[in-house]
Amino acid sequence: MRETPRAEPPQPRPHRAIAHTTGASCPGTPHRSDGRPPHTPRGARQPDPLGRPGTTPPVPGRPALFSALVALAVVTWQVLVHGPLARLDERVSRSLVDTVPRPLSELASDLGNMTVALPVLACAMAYAVWRGRRAAAAHAGLAMAAVPLLVIPLKEWTARPGPLEPWAHGYYPSGHTATAMVAYFGAAFLVSNRLIPVAAALTAITGAGLILRGFHWPLDVLASVALSVLLLHWPVLAARYGRPAPGGSEGEDPWGTKGGGSPSRSEDGRTS
């Protein structure tokens with residue numbers, strides 16, 4: 001009688017469960033049943049600027065930063081040489097001034113006053129400090145402090161006259177618009193991302209009021225928006241491309257906006 005050979009234990013075949021065609025290049029190589037490669041191959045993912053894997057799209061904020069730089073440079077150049085864009089800007093402004101009642105446009109433009117915008121930002125900074133995000137509050141304060149340091153020299157350099165006061169100079173760019181945008185967006189970043197639409201609306205109302213009242217040309221407002229984008233992005237870009245801050249999270253999210261402004265938690269579970 002011949003000895004019956006013992007059955008060998010089944011060998012794992014990882015490729016058989018996912019490869020149903022003869023196109024599988026080697027055992028264990030994942031292939032779709034229709035011969036196409038997987039939808040998101042992990043090997044194709046590129047690391048982000050800090051070396052973390054899995055970031056394939058561009059770094060957020062870079063297109064907006066580049067667009068703001070280009071817009072500010074082009075508009076400033078056109079204002080200095082009184083080019084076609086500046087002349088078009090003046091014609092548009094003359095058609096818009098006083099198309100709404102002056103009390104209404106003045107009320108809208110007052111949203112960019114220091115006495116209105118700064119208390120909003122100060123309250124948001126105090127809230128951020130109370131939540132333990134002191135670096136984020138400091139970034140917001142520095143961004144606001146940079147507004148007059150940049151706007152005033154630009155006003156002196158361009159010496160642009162006003163829509164209703166051609167004998168006066170120093171209207172470009174709009175300090176009220178920059179104050180409103182940095183203050184309201186900075187406050188939104190410190191408190192909650194859900195407030196960003198509110199900050200955008202307040203900034204738009206401020207700029208519209210300045211144009212409709214004749215306090216500024218439209219290009220004055222546009223240049224201040226571009227300048228404010230640069231001021232609001234610098235802490236994010238510094239954290240992304242600079243040296244990560246010790247401890248990690250504060251350096252990677254300088255505004256403290258992850259989670260919509262919710263408080264962070266330490267490793268032992270305590271709320272900071």
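Begin by selecting Asp98, which is placed in the loop between α2 and α3. The model on the screen is a predicted one. The residue Asp98 has a positive phi of about 65°, although it is not a glycine. Most residues other than glycine have a negative phi. With a relative accessible area of 36%, Asp98 is partly exposed.

Keep Asp98 displayed and add Arg102. These two residues form a salt bridge, in which the closest N and O atoms are 2.9 Å apart. Arg102 is partly exposed, its relative accessible area being 36%.

Next, select Arg213 and Glu106. A salt bridge of 2.8 Å, N to O, connects their side chains. Arg213 belongs to helix α7 (residues 196-213) and Glu106 to helix α3 (residues 102-109), so this pair ties together parts that are 107 residues apart in sequence. Are the two partners buried or exposed? Arg213 counts as buried at 11% relative accessibility, whereas Glu106 counts as partly exposed at 30%.

Remain in helix α7 and select Thr203, which has its place there. Thr203 is buried, with a relative accessible area of 7%. To see its surroundings, display Ala180, Met181, Tyr184 and Phe185; Thr203 is in contact with these residues, leaving aside neighbours within four places in sequence.

The tour now turns to a pair of helices. Colour helix α5 (residues 134-158) and helix α6 (residues 175-191), which pack at an angle of about 170° with their axes 10 Å apart. Because an angle over 145 degrees counts as roughly antiparallel, α5 is described as roughly antiparallel to α6. On the α5 side of the contact, show Ala136, Ala137, Ala140, Ala143, Met144, Val147, Val151 and Lys155. On the α6 side, show Gly175, Ala178, Thr179, Val182, Ala183 and Leu190. What kinds of residue make up this contact of α5 with α6? Eleven are nonpolar, two are polar and one is charged.

Move next into the loop between α5 and α6, where Ala159 is found. Ala159 has a positive phi of about 50° although it is not a glycine, and it is partly exposed, with a relative accessible area of 31%.

Within the loop between α5 and α6, select Pro173 as well. The bond to inspect is the one joining Tyr172 and Pro173: it is a cis peptide bond, with omega at about -5°. Most peptide bonds are trans.

Select Asp89 and Arg160 for the following stop. Their side chains meet in a salt bridge of 2.9 Å, N to O. Since Asp89 lies in helix α2 (residues 84-96) and Arg160 in the loop between α5 and α6, the pair ties together parts that are 71 residues apart in sequence. Both Asp89 and Arg160 are buried.

Finally, add Asp220, which is found in helix α8 (residues 218-241). What is its relative accessible area? The value is 0%, so Asp220 is buried. A polar contact of 3.3 Å joins the side chains of Asp220 and His216. Not counting residues up to four places away in sequence, Asp220 touches Arg160, Tyr171, Tyr172, Pro173 and Ser174. Two of the stops already visited therefore reappear here, since Arg160 and Pro173 are among the residues that Asp220 touches. Display Asp89, Arg160 and Asp220 together to close the tour: salt bridges that share partners join these residues into one network.

Note on methods
Residues numbered from 1 in each chain as written. Predicted model: local features only at pLDDT ≥ 70, side-chain atom pairs only at ≥ 80, totals over all residues. Heavy atoms only, no water. Axes fitted to C-alpha atoms, helices over the stretch in contact; angles between N-to-C directions. Helix = DSSP H or I, 4+ residues; strand = E, 2+ residues; numbered from the N terminus. Parallel < 35°, antiparallel > 145°, perpendicular 65-115°, else oblique. Contact = heavy atoms within 4.5 Å. Nonpolar A, V, L, I, M, F, W, Y, C, P; charged D, E, K, R; others polar. Buried < 20%, exposed > 50% of the residue type's maximum accessible area, 1.4 Å probe, protein only. Polar contact = N/O pair within 3.5 Å; in protein donor to acceptor, adjacent residues only side chain to side chain. Salt bridge = Lys/Arg side-chain N within 4 Å of Asp/Glu carboxyl O.
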